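User: Please examine one part of this model closely, namely the paired strands and the charged and nonpolar side chains around them. I would like a single connected account that defines each term where it is used.

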Amino acid sequence: MLVLSRKRDERIVIGDSIVITVVEVRGDKVRLGIEAPTEVPVHRQEVLDAMRQAASQKAPPSPT
């Protein structure tokens with residue numbers, strides 16, 4: 001894991017097309033702005049986990 005320190009309005013660039021900007025720092029919370037191509041999905045971890053769980057519950061059992 002790469003750990004970086006950034007201040008408000010500073011950016012991190014991933015590849016050529018993803019930019020993460022520190023929008024606000026308030027106490028122990030950081031607000032980030034993420035610019036990415038529309039074909040790149042961006043989700044919070046808890047949302048992604050819920051989506052995966054819902055998809056696995058809908059999937060028919062695999063034949064053994």
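Analyst: The account below takes the strand pairing, then individual residues, then the nonpolar patch and the salt bridges.

The model is predicted, and local features require a pLDDT of at least 70, side-chain atom pairs count only at pLDDT 80 or more, and totals for chains, interfaces and linings use all residues. Residues are numbered from 1 along each chain as its sequence is written, and side-chain values use heavy atoms, with hydrogens and water left out.

Strands (E, at least two residues) and helices (H or I, at least four) are DSSP runs numbered from the N terminus. Two strands are taken as paired if DSSP finds at least two bridges between them. Strand β1 covers residues 11–14, and four bridges join β1 to β2 in an antiparallel arrangement. Within this pairing, V13 has V19 of β2 as its bridge partner. The two strands form a hairpin with three residues between them, and G15 in that turn has a positive phi of about 60°.

Strand β2 (residues 18–26) is also joined to β3 (residues 29–35), here by seven bridges, and this pair likewise runs antiparallel. A hairpin links β2 and β3 with two residues between them, and the turn residue G27 has a positive phi of about 60°. R26 stands opposite K29 of β3, while T21 faces G33 in β3.

T21, a residue of strand β2, illustrates the covered side of the description. Accessibility is graded by relative accessible area: buried is under 20%, exposed is over 50%, and partly exposed lies in between (1.4 Å probe, protein chains only). T21 counts as buried because its relative accessible area is 13%. A contact is defined by heavy atoms within 4.5 Å. Apart from neighbours within four places in sequence, T21 is in contact with D9, E10, R11, R31, L32, G33 and E35.

R31, which belongs to strand β3, is one of those partners. With the same kind of sequence neighbours left aside, R31 contacts T21, V22, V23 and E24. R31 is nevertheless classed as exposed because its relative accessibility is 53%. Its C-alpha lies 20 Å from that of M1, the two residues being 30 apart in sequence.

L32 is likewise in strand β3, and L32 counts as exposed because its relative accessible area is 51%. In a regular strand, side chains alternate between the two faces of the sheet. L32 is part of a nonpolar surface patch with V25, V30, I34, V40 and V42, and together these residues have about 490 Å² of accessible area. Such areas come from the Shrake-Rupley method with a 1.4 Å probe, and for residues only the protein chains shown count as cover. Patches are made of residues with over 30% relative accessible area and no salt bridge; like charges are joined within 9 Å, and nonpolar side chains (Val, Leu, Ile, Met, Phe, Trp, Tyr) within 5 Å. Strand β3 supplies the largest share of this patch, three residues.

The charged residues follow a separate rule. A salt bridge is a side-chain nitrogen of Lys or Arg within 4 Å of a carboxyl oxygen of Asp or Glu, and the count by this rule is six. Side chains of opposite charge can pair when their charged atoms come close. E24, located in strand β2, forms such a bridge with R26, the closest N and O atoms being 2.6 Å apart. The side chains of E24 and R26 are also joined by a polar contact of 2.6 Å. A polar contact is a pair of N or O atoms within 3.5 Å; within protein, one must be able to donate a hydrogen and the other to accept it, and residues adjacent in sequence count only if both atoms are side-chain atoms. R26 counts as exposed because its relative accessible area is 59%.

E24, R26 and R31 are linked in a network of salt bridges. Beyond residues up to four places away in sequence, E24 touches K29, V30 and R31.

Two further salt bridges may be noted. R8 pairs with D9 at 3.6 Å between the closest N and O atoms, and R8 is exposed because its relative accessible area is 57%. E46 and R44 meet at 2.7 Å, N to O. In this pair, E46 is partly exposed because its relative accessible area is 48%, whereas R44 counts as exposed at 54% relative accessibility.
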